[in-house]
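User: I'd like to learn how to read a structure like this one, step by step. Could you take me through it?

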Amino acid sequence: MSKDDALCGEFFMNGDTACAEGAISAGCRFFAGYPITPATEVAERMSERLPQVGGVFIQMEDEIASMNAILGASWTGVKAMTATSGPGFSLMMENLGLGVMLETPCVLANIQRAGPSTGLPTLVAQGDIMQARWGAHGHYEIVALVPDSPQEMFDLTITAFNLSEQYRVPVLLMADEAVGHMSEKVVMRRINQKELASRPRPKVVPEEYLPYDSREGLVPPMAVAGGGYRFHVTGLTHDDRGYPVMTAEAQDKLIRRLVDKIRLNAKNIIRLEEIGVDDAEVVVVSYGISARIARYAVQKARDEGIKAGLLRLITVWPFAEDRIRELAPKVKAFIVPEINYGQIVREVERCAAGKAKARLVPHMGGSVHLPETVLEAIREEAK
Amino acid sequence: MSRTEVRLSGAGGQGIVLAGQILGQAISLYEKGKFATFTQSYGPEARGGSCSAEIVVSDESVGYPYVISPKVLVIMSQEAYDKYTPNLSPETLVIIDPDLVKPNASKKFKLFSIPATNLAREMGRVVVANIIMLGFLTAVSDVVAPQALKKSILATVPEGTGEFNIKAFTLGYEYGLKQAKRSGA
């Protein structure tokens, strides 16, 4: 792989394309997917770029197979991703759970459109945020990032690969149609190899290797298929050897570790952007395209002398519980504009625990909030 | 915070979206200290359906990415005229292709017109109507500098067509300068 594989410089491009370029810069060399508006441009770019850099692009028969293919690719040692939107995201849920259970690093970009079902294929929504958290069955933790610009589609795709490698967990890039399809300047800097995380590798000889060895930490070393290390993986509850063990004790040990490796590292995973939060009486909590509208509204509110702030969730999962708990006694209200009928607002309300009001500013999808709508909510709560 | 909004509208196949991309890129990459966000909307059809490209320009990063009240509105189909001219600010500069759009005389906004499609046909390639239109827009408004737009055209159009496209741009630009002089703008 030559160091010139990744593009560098300033480009005017849409978010989906920037996501694909971020993946290339992160070292992703396998993409399997099925075209769907508004995520198709990710696949389109990858189909052009991966052959240029010695990678593999496969258009699969559907999204179920796409998710499976990237899990398999990841086990051969490459960084792999897929991209989809609502209907495809639903189809991927079962194998997303498999990815969590097998502890397979991979990245899944969901360029959200309005649902449920076919919904509004070409138009924006943020309705899959809870699905990202709980969409597969069983209890698990996941990492989900939300970009608010083409620049962040590039940057956060790299972050997504790093987190997935570091914690051996599928990472979701929960973009939306607005950010995926808008074009802006994207600065692609040269990514130093040291900035890229790799999954922990076995340090022992093959005879001593245990695929789910957790003695050294919560994230077990991962062998490469065909690399001389024998291993067995299964969606069944398994022990350190990777073999099925059908007991409550094995379940207890495994699920605690799968959850704790994210939960106990939440502080290291969570990224937030804060504007004027420190002295704020009203804090707008938002993410993705909605946070851009909120930023505009918060600025206008400040111009009117209202102490408003913006807390932008760059990481939605794990949720920034500690920050909301810390702010709750200091603010009058949290305002949560999101393009759904109330998802993240539930988390905010839970963490505010009655110490501050959590007010939803909903939008059913198909377009974005008008800044005035968010501003009016800020004015009312500041009274 | 200064904010300028531009909408280009017409039918699918006229190069509206590409024109928006070229304009947004010109401002974003080739002008200093300016930010531009380009979005598009279109119907399900590949050709013939109405489509619109929106460019928001600011001297700081753009928050709300869509057009609220355009400073410049380019219209290349009757359907787009009917859709986008109600509730326009009297300050909006409207540019039409008179062979494709019959304006309503009672509407109050600054109206410019250029037969971009026919001029392109006379040049031998109707596909450059969008570039002629961009040249005209550059001349009659202060949205973008001509040098930046030319650079953006050259960075975008297929190899070997640069010179032809710059010719189309210049045709529209000079046509625009004459009209701007006439109207005293």
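User: Let's start with strand pairing. How many bridges join strand β11 of chain A to β12(A), and do the two run parallel or antiparallel?

Analyst: Happy to help! Keep in mind that this is a predicted model. To read a pairing, look at the bridges and at the direction of the two strands. Here β11 (residues 282–286) of chain A and β12(A) are joined by five bridges and run parallel. Within β12(A), L311(A) is the residue opposite V285(A).

User: Which strand runs antiparallel to β12(A)?

Analyst: That is strand β10 (residues 272–275) of chain A, which has four bridges to β12(A). One pair to find on your screen is E273(A) with its bridge partner in β12(A), R312(A).

User: What kind of unit do β11(A), helix α10 and β12(A) make?

Analyst: For a unit like this, follow the chain from one strand over the helix to the next strand. β11(A), then helix α10 (residues 288–303) of chain A, then β12(A) form a right-handed β-α-β unit.

User: Which way do the residues of β12(A) point, and are they buried or exposed?

Analyst: Start with the general idea: side chains in a regular strand alternate between the two faces of the sheet. In β12(A), one way is taken by A308(A), L310(A) and R312(A), and the other way by G309(A), L311(A) and L313(A). Both sets are buried. That fits the strand as a whole, as β12 (residues 308–313) of chain A is mostly covered, with six of its six residues buried.

User: Now the core. Which residues of the largest nonpolar core touch the most other members?

Analyst: This core has 179 residues, and the ones touching the most other members are M81(A), A109(A), V143(A), F334(A), I95(B), I132(B) and F136(B). The element giving the most to it is helix α4 (residues 129–140) of chain B, with nine residues. Domain 1 (9–195) and domain 2 (272–382) of chain A both contribute residues, so the core lies between them.

User: What is F334(A) in contact with, away from its neighbours in sequence?

Analyst: Beyond four places in sequence, its contacts are V283(A), V285(A), V348(A), A352(A), A356(A), A358(A) and R359(A). You met V285(A) earlier, opposite L311(A) in β12(A).

User: Why does R359(A) count as partly exposed?

Analyst: Count the C-beta neighbours. R359(A) has 19 of them inside 10 Å, so it counts as partly exposed, because a buried residue needs 20 or more. This arginine sits in strand β15 (residues 357–362) of chain A. Its contacts more than four places away in sequence include F334(A), A377(A) and E381(A). R359(A) also shows how residues apart in sequence can be placed in space: P337(A) is 22 residues away along the chain, with 8.5 Å from C-alpha to C-alpha.

User: How many residues does the contact take from each domain of chain A?

Analyst: First find the two centres, which are 26 Å apart over C-alpha atoms. The contact takes 23 residues from domain 1 of chain A and 22 residues from domain 2 of chain A. On the domain 1 side, α5(A) gives the most, with four residues. That side divides into 17 nonpolar, two polar and four charged residues.

User: And between the chains, how many residues does each one bring to the contact?

Analyst: Chain B brings twelve residues and chain A 13 residues. On the chain B side, the largest share, five residues, comes from α1(B). By residue type, that side has four nonpolar, eight polar and no charged residues.

Definitions and conventions
Residues are numbered from 1 along each chain as its sequence is written. Chains are lettered from A and ligands numbered from 1 in the order in which they are written. This is a predicted model: local features need pLDDT of at least 70, side-chain atom pairs count only at pLDDT 80 or more; totals for chains, interfaces and linings use all residues. A nonpolar core is a set of buried Ala, Val, Leu, Ile, Met, Phe, Trp, Tyr and Cys residues joined through C-beta atoms within 7 Å. A residue is buried if 20 or more other C-beta atoms lie within 10 Å of its own, exposed if 12 or fewer, and partly exposed in between; C-beta atoms are placed from the backbone. Domain bounds come from an automatic or database domain assignment. Two residues are in contact if their C-beta atoms, placed from the backbone, lie within 7 Å. Two strands pair if DSSP finds at least two bridges between them. A crossover is right-handed if, with the strands pointing away from the viewer, the path from the first strand over the helix to the second runs clockwise. Ala, Val, Leu, Ile, Met, Phe, Trp, Tyr, Cys and Pro count as nonpolar, Asp, Glu, Lys and Arg as charged, and the others, Gly among them, as polar.
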